[in-house]
Amino acid sequence: MRNITTISEKLRPYFSEGVRIILWFFLVAAAVIFIFHGLLSVTYPYSLDYGEAPLIDQAMRMAAGENIYRPDISTPPYTIANYPPLYVISLIPGLNGFDSPYLMGRIISLIAALLSATFIGMILYTFSNDRLSSLVAAFLFLASPYVVQWSGRARIDMLALAFATAALFVFVRWPRSTWAWLGGGLLLVLAAYTRQSYALAAPLAGFVWLWTQNKRRAIALALLVGGLGVALFFLINSLTDGGFYYNIVTANVNEFGWERLGFQLERLWGENWIILLLSLLFLGLGWRSQKSWPLLAPFLVGAFISALTIGKIGSNVNYFLELSAALAMIVGVLFVWSQSNAWRNIAVIFLISIQFGMLFKSSMGENVDWILGTRYNDIDALQLLEQDVKKMPGPILADEYMGMLTMNGRPLYLQPFEVTQLANAGMWDEQPLLDEIAAQNFDGVLIHHFNTWPVHKERWSPAMLAAIDTYYRPVKTLAGTVVYIPKGETTITRAPNPAPSSGNVTGPVWDGQAIPIGEAGFTMDPAIAINPTDPDQLVAIATRYSKQECELPTCKIELAFYDTQDGGQTWTEAATLTRSKQAMYAGLVAFDASGNLNIMGIRQNTIEVNQVSSQEDYPPSVADFVDATSALIGARPWLRVDPQSGEIFLSFGAQEGDMLYVTPSLIHSADGVNWSLISRVDQHISAADISSPRATAPDHIQVLFAEGDNLSLVWTWDSEPWTWPRTIWMANSSDDGVTFGEPAPILETWGPINSASANGQFAIVYRTGTEQTQKLTVAATSDNGRNWTSAIASGDVSLPFDVNTAPGINIAPDGTIDLVFYTHSSSSKDCALDVLSWQMLQPFGRIDPCEYDVFYTYSLDSGLSFAEPLQLNQEPIRGEDLARYAGASQASAALAVASGEEYAYPIWIGTPQLGKTQVYTAKIQR
Amino acid sequence: MDTLLDPKHNPRVYGLAYSLWLISSILSVGVFIAGREVIIRTYARFFPWDAWRVQTGQGSLSLINILISLPLAIFMIAVMIGGFEYQHRYMGQPSAWRLLARILAIEFGILLLALFI
């Protein structure tokens, strides 16, 4: 035992010095992170947070002599000044002195954070006379991710905290001075008049501390802070006709959510559990030995109670700032306390170092990678957005980037979050604003999306969002922000709700034999076409992997081309379209009216087309494919042939402006070699937003042919990122697709769509229903979207949420609409995803555990009524047998059907044996 | 009562000193790798737009790589060669143990930091 003690004594100085060296690394790292983050935040030219712009706006109004605390916001501007005026006043001198109005506000916050850290350190030094513990407390405060984040924001909190910590320092440094309580008291009033919630923790701590020193001074402090605070309140309130109370109290009572509180407390615990435990230890035991206990314990308790209001909707980590200060000071005290025992001191220093590390991890992940990284990545897009805002001279409604207005000296018209909360609480009538939206009084509306989490629904009331959807249209996205402009005149109308299939349609005639095309393998994405000049000739194409578990470069991806000359009875693989070391996929086939065959495929993001116009060109060869465009990005392209002109059309998501935007686009060619310029629809989705993921990519972009030079483009896209249901859009062209009119929303779908056109009639198949149960519906129009019919086509077959494979649809020359679709087998309902789980799986995919059935139906009356669906597969189609890429099952993007006068040929992928797929068709007589 | 850390030249002292030197030498390689990675990673996280330019031969990342690799390499060599030399010369002396403790603390500090940043 004595030996151990001796060794311990010998080792102690080495460990003691060593652990201090380790601590210094963390102190330096804390300083580096704080400084870099602070500099990058302060110099960032645009707003970093929703709450910055309203404060700048208030400073602008105040500088112009306006009352920022209006007692009534029934007339515009619909703005709220949530906080007392001190910080706003401090912004006024710098309003015109800097290029960015945020610079002054952020510098104030940064300096205030440093001052707070200084006061924290000085409080500790006053208690302990120990420099290292003071440094540890100050740097632990600066290392807090909440402090790091908020010290670079033009927000009120850091200034309020600086006043509060300064007051505590004054009380601690001169506890018996006659004037200290007065100075400290005034600082507490300043803190409370910077942020009203600071009227709790620091005054409580100051009062209890002074009570232990001099009871009369404590009472005097209470009278000073309470009296002056209340007197100022009544003064300002009377000067503003009650507006001060309305703005900083009434309008601040937002909905409280326990779930939100739980989430934030869980986060607090995860990032600070070491210092929280140490603080509990201090709270429970410190009163016996620590002279700082009467100051720090009430401060900790008050700060924690104040932090609990983080459960309010819209709250952020600024509610943890006082708590961070309290925890930092307590850790400093414990550091000093531990010095009485060397090994205890070593353990405490080591734990503090680990705590520093945990704070760094959080700070680097959230503040640097997530917030600063995203904002800096967005700078180019924000510059474009600012240009757009400058081009709109009238009022603009905005949320996250309302600062675009303030930084150009324009007042805010609306603070959507604040008034939405008031409207939700029944304390504000939003009808006048809705009327203004309906009157299209605003040049634009900017609604921001961070990711798939619908924050915009907290910021905008349902009525506001509905009004914006009705009277405005999304024209572009930039930096996660959807830019809406007023809708113009359009002849396109919304399709009605689907009617039940009317009338009795005779069931199709089929011998029940599915016809295999080619050999079983690893195929997907089947397509089929019938030669209009020779109905016995059909061709099909499918993407094929060389093995079930495919991943480049060890797997070959090619197109298998099949044909039949006997009306679909026997099929042969006429060609394998493959390129050495390059994938070729997403094949489509289409005949023109003269019987010329067009084949499309994708090779390395380049769309290639092969026009087989003579017998010599047949069977097609990969060497005859010609590059059509490399502008493809995102959506799968579609190949269609204008039945009147014979021109080939490719519709796809095309990049625009050096990969800045993706637009629903179109190119066409008469010979498959020379292609037109890209014509675009006026809906520009930021490519960066799609990958963020802050915007949905336009998808299912398809062209529909009307009479003459009229054609339409339909596609799916929704302003809400990566979710379902999505809006189906339509834009018309009267010059053969050279230019397009204004896009208009026509429908909403719960899944991928498909469409077909013939003889001027359009048919669009989509999904209606709910997230759980859906029906396949066909909307039809024969006048370019002026009038629509809509009927349920899937009969009694119910479809769960499944966005993998679009149904196949076609219109025969006689107007018969053919439809083929997958749905989950009756035994396979539990595997269906919902929107949330789909969003989570989206980046990785999964091995499909579901089983599917495939159905065919048709309509003889332009989509008013459909036959009861006919099941085409005998055995369920097993998702786990589908080919996989990078470990995820690859469902086909769409099914297809070839429509002849007499027969329909639906095509689908089946799973005849374990781990293999097979392309099938069926010859069905209607 | 003598202990292992007393300044006496016996095989146990030699064994301990050289073992600790060996550990510090091995850790110095880890410090070179981790320290360089921490600094480059932190730089890339704060200034990703500049870090990406390294692909086109632009930006400061290459320079930073050189600037941090040099002192880290010097540290590694100093620990390996200088550390051995010092231990050999001052075997069992308090200054030798103190140097070992400081080196190991620096190494643990950098490696620990790399776990979080």
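What follows is a walk through some features of a predicted model, from its nonpolar cores to its disulfides and a few unusual spots in the backbone.

The insides of the model make a good starting point. The largest nonpolar core holds 167 residues, and within it Phe141(A), Phe356(A) and Phe360(A) touch the most other members. The element that gives the most to this core is helix 7 of chain A, which puts in 14 residues. Phe356(A) shows what such packing looks like up close. Setting aside its neighbours within four places in sequence, Phe356(A) is in contact with Leu23(A), Phe26(A), Leu27(A) and Ala30(A), and also with Val136(A), Phe139(A), Leu140(A) and Ala143(A). There is another core that lies apart from the largest one. That other core has 54 residues, including Ile685(A), Ala687(A), Ala731(A) and Trp750(A).

Helix 7 of chain A is worth a look of its own. The helix covers residues 157-173, which makes 17 residues. At 1.5 Å a residue, these should span 24 Å, and the end C-alpha atoms are indeed 24 Å apart, so expectation and model agree. Of the 17 residues, 16 are buried, which means that helix 7 of chain A is largely enclosed by the rest of the structure. Picturing a helix with so many buried residues is easier with one general point in mind. An α-helix has 3.6 residues a turn, so residues three or four places apart point the same way.

Next come the strands, with strand 21 of chain A (residues 711-717) in the leading role. Seven of its seven residues are buried, so strand 21 of chain A, too, is largely enclosed by the rest of the structure. The cover is found on both faces of the strand. On one side sit Leu711(A), Leu713(A), Trp715(A) and Trp717(A), on the other Ser712(A), Val714(A) and Thr716(A), and all of them are buried.

Strand 21 of chain A also has partners. Strand 20 of chain A (residues 699-705) runs antiparallel to strand 21 of chain A, and five bridges join the two. One partnership here is that of Phe705(A) with Leu711(A). Strands 20 and 21 of chain A form a hairpin with five residues between the strands, and in this hairpin Gly708(A) takes a positive phi near 60°. Strand 22 of chain A (residues 726-733) is antiparallel to strand 21 of chain A as well, with seven bridges joining them. Leu711(A) turns up again in this pairing, where it stands opposite Ser733(A) of strand 22 of chain A.

On to the sulfurs. A disulfide is a covalent bond between the sulfur atoms of two cysteines. Over all chains, the structure holds two disulfides. With the bonded cysteines of chain A numbered in sequence order, the pairing reads 1-2, 3-4. One disulfide joins Cys550(A) to Cys555(A), with 2.0 Å from S to S. Its torsion about the S-S bond is -100°, and the link is left-handed. Cys550(A) and Cys555(A) are both buried.

The other disulfide is formed by Cys831(A) and Cys850(A), whose sulfur atoms are 2.0 Å apart. Here the torsion about the S-S bond is about 130°, so this disulfide is right-handed. The pair links distant parts of the chain, 19 residues apart. Cys831(A) lies in the loop between strand 29 (817-824) and helix 23 (835-841) of chain A, while Cys850(A) lies in the loop between helix 23 and strand 30 (851-859) of chain A. Cys831(A) and Cys850(A) are both buried.

Finally, the backbone has a few oddities to spot. Pro76(A) and Pro77(A) are joined by a cis peptide bond, with omega about 0°. Pro77(A) sits in the loop between helix 2 (52-63) and helix 3 (86-91) of chain A. Another cis peptide bond joins Leu552(A) and Pro553(A), with omega about 5°. Pro553(A) belongs to the loop between strand 8 (549-550) and strand 9 (557-564) of chain A.

Positive phi values crop up too. Asp736(A) has a positive phi of about 60° although it is not a glycine. Its place is the loop between strand 22 and strand 23 (744-749) of chain A. With 13% relative accessibility, Asp736(A) counts as buried, because the cut-off is under 20%. Ser862(A), also not a glycine, has a positive phi of about 60°. Ser862(A) is in the loop between strand 30 and strand 31 (870-871) of chain A. Its relative accessibility is 35%, so Ser862(A) counts as partly exposed.

Note on methods. Residues numbered from 1 in each chain as written. Chains lettered and ligands numbered in written order. Predicted model: local features only at pLDDT ≥ 70, side-chain atom pairs only at ≥ 80, totals over all residues. Heavy atoms only, no water. Helix = DSSP H or I, 4+ residues; strand = E, 2+ residues; numbered from the N terminus. Expected span 1.5 Å × (residues − 1). Buried < 20%, exposed > 50% of the residue type's maximum accessible area, 1.4 Å probe, protein only. Disulfide = S-S within 2.5 Å. Pairing = 2+ DSSP bridges. Core = buried A, V, L, I, M, F, W, Y, C linked by side-chain atoms within 4.5 Å. Contact = heavy atoms within 4.5 Å.
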